[in-house]
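Trainee: I would like to go through this model with you and ask, step by step, how each label is earned.
Mentor: Let us do that, setting each value against its cut-off before we conclude.

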Amino acid sequence: MLSDSHCHLDIYPPEELTRVLARASANNVDVIVSMGMELESSAENIRLARSHEVVLAAVGIHPWNAVPPSPEVRRQLYGLARKEQVAAIGEIGLDYVRNPETKEIQKDLLRYELS
């Protein structure tokens, strides 16, 4: 059994996604975890996991897309994280290189995502 623990299947158009999943299957990849980068892509990865047995979703907000963890963001992220197809919280973390001005927002968001 092989797994891909970090990919972004939501970026592929449907016909390419079909080819990607076929290649994975041909190479004995049985589990693929597709990472959310923000709320929208997290929801899309859940949809993909519902449609493709081999896919599991990870939900989160990447530090490049950091937003203050307002009550509404928390509510939405919590709701996504509770879905059956979700195997992990990700893609999360700290990354001050791309958007150093969001350092404090990233810290606040990460604290919430880890809680």
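Trainee: Where does Glu 40 lie, and why is Glu 40 called exposed?
Mentor: This is a predicted model, and in it Glu 40 is part of helix α2. A residue is called exposed when its relative accessible area is over 50%, and Glu 40 has 69% relative accessibility, so Glu 40 counts as exposed.

Trainee: How far apart are Glu 40 and Leu 109 in space?
Mentor: From C-alpha to C-alpha they are 16 Å apart, while in sequence 69 residues separate Glu 40 from Leu 109.

Trainee: What makes Ser 5 count as buried or exposed, and with which residues is Ser 5 in contact?
Mentor: Ser 5 is found in strand β1, which covers residues 2-7. Its relative accessibility is 53%, and because the cut-off for exposed is over 50%, Ser 5 counts as exposed. If we leave aside the neighbours within four places in sequence, Ser 5 is in contact with Val 33 and Met 35. The C-alpha atoms of Ser 5 and Ser 34 are separated by 7.5 Å, with these positions 29 residues apart along the chain.

Trainee: Why does Lys 107 count as partly exposed?
Mentor: Partly exposed is the range between under 20%, which is buried, and over 50%, which is exposed. Lys 107, whose place is in helix α4, has 25% relative accessibility and therefore counts as partly exposed. Apart from neighbours within four places in sequence, Lys 107 is in contact with Leu 94 and Tyr 96. Between Lys 107 and Val 86 the C-alpha to C-alpha distance is 23 Å, and the two are 21 residues apart in sequence.

Trainee: How do you know that the buried residues of α3 line one face of the helix?
Mentor: Helix α3 spans residues 71-81, and in this helix Val 73, Leu 77 and Leu 80 are buried. Seen down the axis of α3, these buried residues fall within an arc of 60°, so they line one face of the helix. The face turned away from that buried side carries the exposed residues Pro 71 and Arg 75.

Trainee: What covers the buried residues of α3?
Mentor: The cover includes helix α2 (39-51), strand β3 (55-59), strand β4 (86-89) and helix α4 (103-114).

Trainee: What is the sign of phi at Asn 28, and why is Asn 28 called exposed?
Mentor: Asn 28 has a positive phi of about 65°, although it is not a glycine. Most residues other than glycine have a negative phi. Asn 28 lies in the loop between α1 (14-26) and β2 (29-35), and at 53% relative accessibility, set against a cut-off of over 50%, Asn 28 counts as exposed.

Trainee: Which residues does the cis peptide bond join?
Mentor: The cis bond joins Gly 90 and Glu 91, with an omega of about 15°. Most peptide bonds are trans. Glu 91 is found in the loop between β4 and α4.

Trainee: What makes Arg 98 exposed?
Mentor: Arg 98 also lies in the loop between β4 and α4. With 52% relative accessibility against the cut-off of over 50%, Arg 98 counts as exposed. Arg 98 and Arg 74 are 24 residues apart in sequence, and their C-alpha atoms are 24 Å apart in space.

Trainee: Turning to the whole chain, how do you know that its radius of gyration agrees with that of a compact globule?
Mentor: For 115 residues, a compact globule would have a radius of gyration near 13 Å, and the protein has 15 Å, which agrees. Taken along the principal axes, the C-alpha atoms fill a box of roughly 45 × 30 × 25 Å. Buried residues, those under 20% relative accessible area, make up 39% of the 115 residues.

Trainee: In what order do the elements run, and what share of the contacts joins residues 24 or more positions apart?
Mentor: The protein has four helices and four strands, and from the N terminus on they run β-α-β-α-β-α-β-α. Among contacts with a separation of 6 or more, residues 24 or more positions apart account for 68%.

Note on methods:
Residues are numbered from 1 along each chain as its sequence is written. This is a predicted model: local features need pLDDT of at least 70, side-chain atom pairs count only at pLDDT 80 or more; totals for chains, interfaces and linings use all residues. Side-chain values use heavy atoms; hydrogens and water are left out. Helices (H or I, at least four residues) and strands (E, at least two) are DSSP runs, numbered from the N terminus. The radius of gyration is taken over C-alpha atoms; the globule rule is 2.2 Å times the number of residues to the power 0.38. Buried means under 20% relative accessible area, exposed over 50%, partly exposed in between (1.4 Å probe, protein chains only). Contact means heavy atoms within 4.5 Å. The arc is that of the directions from the helix axis to the C-beta atoms.
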